[in-house]
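Colleague: Got a minute to walk me through this one? I'd like to start with a single residue and then zoom out.

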Amino acid sequence: MVDQNYDLNDIVEMKKPHPCGANEWKIIRMGMDIRIKCQGCNHSVLVPRKKFEKKLKKIIQKAS
């Protein structure tokens, strides 16, 4: 598993790419569920936290 130090506005890589071909996602909401936005087509997806943690591959860029 990846270190779970993700936070709001971080850019993360998931195990499966989005159908548009991009594999970078920005975390835009955190709570019981996590909303991530595709950096390729700007589509947003709401993912349950447990599923997000399971599918997270790595943190590409921390929020500044």
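Colleague: Sure, so which strand is the place of Glu13?

Modeller: Keep in mind that this is a predicted model. Look along residues 11-14, which form a strand, and you'll find Glu13 there. The strand is β1.

Colleague: And is Glu13 buried or exposed?

Modeller: Check its relative accessible area, which is 14%. Buried means under 20%. Glu13 has 14%, so it counts as buried.

Colleague: Which side chain joins that of Glu13 in a polar contact?

Modeller: Let's start from the residues in contact with Glu13, leaving aside neighbours within four places in sequence: they include Leu56, Lys57, Lys58 and Ile60, plus one more. That other one also has a polar contact of 3.2 Å, side chain to side chain, with Glu13. The partner is Asn23.

Colleague: Okay, zooming out: what pattern does the protein chain follow along the sequence?

Modeller: There's one helix to place among five strands. Reading along the sequence, the pattern is β-β-β-β-α-β.

Colleague: Why call the protein chain as compact as a globular protein of that length?

Modeller: For 64 residues, the globule rule gives 11 Å. The radius of gyration of the protein chain is close to that, so the chain is as compact as a globular protein of that length. The radius itself is 10 Å.

Colleague: Last one: how far apart are the centres of the positive and negative side chains?

Modeller: Count the charges and you get 14 positive and 7 negative side chains. Take the centre of each set, and the two lie apart by 6 Å.

Note on methods: Residues are numbered from 1 along each chain as its sequence is written. This is a predicted model: local features need pLDDT of at least 70, side-chain atom pairs count only at pLDDT 80 or more; totals for chains, interfaces and linings use all residues. Side-chain values use heavy atoms; hydrogens and water are left out. Helices (H or I, at least four residues) and strands (E, at least two) are DSSP runs, numbered from the N terminus. The radius of gyration is taken over C-alpha atoms; the globule rule is 2.2 Å times the number of residues to the power 0.38. Lys and Arg count as positive and Asp and Glu as negative; His and the chain ends are not counted. The place of a charge is taken as NZ of Lys, CZ of Arg, CG of Asp or CD of Glu. Buried means under 20% relative accessible area, exposed over 50%, partly exposed in between (1.4 Å probe, protein chains only). A polar contact is a pair of N or O atoms within 3.5 Å; within protein, one must be able to donate a hydrogen and the other to accept it, and residues adjacent in sequence count only if both atoms are side-chain atoms. Contact means heavy atoms within 4.5 Å.
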